[in-house]
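Reader: I am new to this structure and should be grateful for a close look at a single part of it. Please choose a part that can be followed residue by residue, and then place it within the chain.

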Amino acid sequence: MIDIRFSELDGFTTISTFLKEGRSPGPLGLVRPIRLPLALALQRNFNVPVLFITGQMNRAQVLMEEMQFWSENSQGMLFPEPVPLFYEDASWDESTRAARLSVLETLSRYWIPGQKPQTGRPPFVIASIKALMARTLPRRDFILARKVLKIGQAYDLEGLLLQIVRLGYEFHEIVSGMGQFSRRGGIVDIWLVGEDHPVRIEFFGDEIESIRLFDENSQRSIKTLEQCSLVPTREYLLPEQGKTDEIMHRRERDICVLHPQATSLFSYLPKGSLVFLDDQDILITVSEEVEKDAMELRQQLVVEKDLPHDFPVPYYSWSELYDQMLSFTPLNMSFSGMETLQLFRQDVQPAPHFGGKLGDLLDFLDSETAEDHQVTLISRQSERLQKLWEERVNPADRRFALVQFVNESISSGWKMRYPDQRIEYLISDDEIFGWQPAIRRKRRKLLPDLAVFDIGSFEVGDYVVHFEYGIARYRGLVTRMLEGVEKEYLFLEFADGDELYVPVHQAERISQYIGPDARPPRLTSLGSPAWQGMKNRVSHAVQYVAKDLLELYSKRQSVAGYAFHEDSDWQREL
């Protein structure tokens, strides 16, 4: 994390004063790379939720990638835009739903007495303009639909299940993804919005006996909870008198049909929140283009009779959104003619570019450190650059410490001048080499002891392989009474109708069958020695291959190698 002393800049003090008075300082005229760290610095000052609005989704993703670099304690949240066009009769993907609803759930807590987070940094939400244009579930409906389940309290289980369906959760035999639930007797598994793992709620009669967070793959408990919150898993609710299977025929396009008072994310923001516009001119242009495409699609669908002519508008225009954000004193961080705040235009400027010419970079470091200016190089090649600097300047020289090397990646850097005329440079791979950082897709981390068998990924009828008994057909999850105790088993069917019930805790003994072609495999007969014979043959073949590999590596170890000379300056520069 780089410490940028924004509080020493006159422009920062001016902005803070304007915001405290509820006035806008006008366009800030900031270069793009400094907008995110400045917004984070202002959030630290005011300690309120933030909404940062960008023109394009890829820009929002880049900002999310950089957030942890600028502030390790920030609670960054992405409010993504739906992929389908407005009026298109298509469902939003699960990841978009989950991310958007996590934001709604977090912000809604500020409107519930006693639910506002007491610790940690307030949320910093990044959204594209199209994401904000999409109308969403009214805040009041979202809060009223929210239900807190606590240990020791009594609930009507059947009524609770109906409410779960109305909230948009889908029934699955095994819970394997967010927005799914299952029920087995007095046990309800449900993957709640915003959680990394599902919860298991056990009832004793009508009373909740335990609530446990568990791993969806191994089915092992992670920790015990005192309570959990049921929140909608889609941005609409089904009518209470509607059929439970109606959820299958509804899409996010119908939000305005189901909720005539559908609203925007601004209604969820608590009073005093900060709203930043990455570039207001770009936001206006993009929103107008999106609206134009939406109107053309609407006309086409009405002509084709795929959309009623009186269908409500499922989005907000730019003017409507701007009217809503005015109560938050939005800050336009970009340039906008002569109205731009002059203080920042003087204090913060783009960093110099070197186009991969490392000699020019080293000459620049020489001249700037001679003037006692601080330079920070943020690069994936920081170690290599540091060695070049060591060759140019003796580490004992006072100028050597004026250059810092950080092994990270950001979009671009800047030049900052403080009131006392000190100058600091932040230079990235973009300025040094012309590289732009790639967007890293976040993946859920898997536990090191992850079971081979992922219950949720199997359907009844799939072919599986049991390590000890062979190839079988998976027939589902069943409950059996053994010695007076009811337990869950995986039902496997082998050749000749033979059946095997495998306890859930032994699921790691089972894996999916992967054959050489699309033909169904021959099922193994229980008790037959054929499977054991096949395992023995495979074991011998593995030992044979291992022996060959040992001989090969033994030969490699005994062969004399060739020691190359160290890289020259030319090679390092290359």
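Author: A residue is called buried when its relative accessible area is under 20%. Gln 219, with a relative accessibility of 13%, therefore counts as buried. The model in which this value was computed is a predicted one. Gln 219 is placed in the loop between β9 (207-214) and β10 (221-225). Although Gln 219 is not a glycine, its phi is positive, at about 65°.

Tyr 87 may be described in similar terms. Its phi is near 80°, again a positive value in a residue other than glycine. Tyr 87 belongs to the loop between β2 (75-79) and α4 (94-108), and its relative accessible area of 3% makes this residue buried.

The part that I propose to examine closely is helix α2, which spans residues 32-46. Two contacts of this helix can be followed, one with α1 and one with α3.

I begin with α1, which comprises residues 10-20. The axes of α1 and α2 come within 11 Å and cross at roughly 50°, and α1 is therefore oblique to α2. Their crossing is right-handed. On the side of α1, the residues in contact are Phe 12, Ile 15, Ser 16, Leu 19 and Lys 20. They meet Leu 38, Ala 41, Leu 42, Asn 45 and Phe 46 of α2. Sorted by class, this contact holds seven nonpolar, two polar and one charged residues.

The other partner is α3, formed by residues 57-70. Here the packing angle is about 55° and the axes lie 10 Å apart; α2 and α3 are therefore oblique to each other. This crossing, too, is right-handed. From α2 come Arg 32, Arg 35, Leu 36, Pro 37, Leu 40 and Arg 44, and these residues meet Arg 59, Leu 63, Glu 66, Met 67 and Trp 70 of α3. The contact of α2 with α3 has six nonpolar and five charged residues, and no polar ones.

What, then, of the nonpolar interior? In soluble globular proteins, nonpolar side chains tend to be buried together. In this chain the largest nonpolar core has 71 residues, of which Leu 51, Ile 53, Leu 265 and Phe 266 touch the most other members. Helix α9 (residues 280-303) gives the most to this core, namely six residues. Leu 265 offers a view of the surroundings: neighbours within four places in sequence aside, its contacts are Leu 51, Phe 79, Val 103, Leu 104, Leu 107, Val 125, Leu 132 and Thr 136. Apart from the largest core lies another, of 41 residues, including Ile 4, Leu 9, Ile 34 and Phe 69.

It remains to set these parts within the whole. The chain has 574 residues, and 48% of them count as buried. Its secondary structure consists of 16 helices and 23 strands. Taken along the principal axes, the C-alpha atoms fill a box of roughly 85 × 80 × 55 Å. Among contacts between residues at least 6 apart in sequence, 68% join residues at least 24 apart.

Conventions:
Residues are numbered from 1 along each chain as its sequence is written. This is a predicted model: local features need pLDDT of at least 70, side-chain atom pairs count only at pLDDT 80 or more; totals for chains, interfaces and linings use all residues. Side-chain values use heavy atoms; hydrogens and water are left out. Axes are lines fitted to C-alpha atoms, for helices over the stretch in contact, and angles run from 0 to 180 degrees between N-to-C directions. Helices (H or I, at least four residues) and strands (E, at least two) are DSSP runs, numbered from the N terminus. Angles under 35 degrees count as roughly parallel, over 145 as roughly antiparallel, 65 to 115 as roughly perpendicular and the rest as oblique. A crossing is left-handed if the near helix is turned anticlockwise from the far one by less than a right angle, and right-handed if clockwise. Contact means heavy atoms within 4.5 Å. Ala, Val, Leu, Ile, Met, Phe, Trp, Tyr, Cys and Pro count as nonpolar, Asp, Glu, Lys and Arg as charged, and the others, Gly among them, as polar. A nonpolar core is a set of buried Ala, Val, Leu, Ile, Met, Phe, Trp, Tyr and Cys residues joined through side-chain atoms within 4.5 Å. Buried means under 20% relative accessible area, exposed over 50%, partly exposed in between (1.4 Å probe, protein chains only).
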